[in-house]
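Biologist: Please take a close look at one part of this structure, and set it within the chain as a whole.

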Amino acid sequence: MSLASDAVFEKIIDGLKGNESKAKAINGVFLYKITKDGKVAKEWTLDCKNAKAYEGPAKGIKVDTTLTVADEDMVDIALGKLNPQAAFMKGKLKISGNIMLTQKLAPLLKTEAKL
């Protein structure tokens with residue numbers, strides 16, 4: 001199943017290649033649960049400890065933070081149309097685990113490219 005947010009994660013994967021030290025400085029593992037029509041449609045792992053991102057659940061590592069967000073909201077967050085804190089307060093972005101770690105993610109997730 002193809003989702004609009006897949007482009008966001010492809011951009012993150014590309015971005016990690018040139019910014020391994022920036023990713024490793026975050027020192028956390030994030031599991032994104034992308035929902036469509038209220039159900040989890042896809043999972044992505046962002047492993048900043050090893051500067052890797054891939055589709056699917058975390059492989060052999062402990063997840064520090066799990067983020068659950070709708071496909072279209074993930075795209076809006078990446079494009080800067082939706083503030084992550086506002087999304088969290090409105091219940092559009094659910095975070096479990098180490099919430100403070102997500103604050104370090106913003107520079108890595110910013111995208112100027114059109115998706």
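Modeller: What follows starts with the basis of the values, moves to the whole chain and ends at one residue, Thr35. This is a predicted model, in which local features need pLDDT of at least 70 and side-chain atom pairs count only at pLDDT 80 or more, while totals for chains, interfaces and linings use all residues. Residues are numbered from 1 along each chain as its sequence is written, and side-chain values use heavy atoms, with hydrogens and water left out.

The protein chain has five helices and five strands (DSSP runs numbered from the N terminus, H or I of at least four residues for helices and E of at least two for strands), and their order along the sequence is α-α-β-β-β-β-α-α-β-α. With a radius of gyration of 13 Å (over C-alpha atoms), close to the 13 Å that the globule rule (2.2 Å times the number of residues to the power 0.38) gives for 115 residues, the chain is as compact as a globular protein of that length. Of the contacts (heavy atoms within 4.5 Å) with a separation of 6 or more, 65% join residues 24 or more positions apart, and 43% of the 115 residues count as buried.

Thr35 itself lies in strand β1, which spans residues 29-36. Thr35 counts as buried because its relative accessibility is 14%, where buried means under 20% relative accessible area (1.4 Å probe, protein chains only). Leaving aside residues up to four places away in sequence, Thr35 touches Val40 and Ala41, together with Thr68, Val69, Ala70 and Asp71.

Terms used: Buried means under 20% relative accessible area, exposed over 50%, partly exposed in between (1.4 Å probe, protein chains only).
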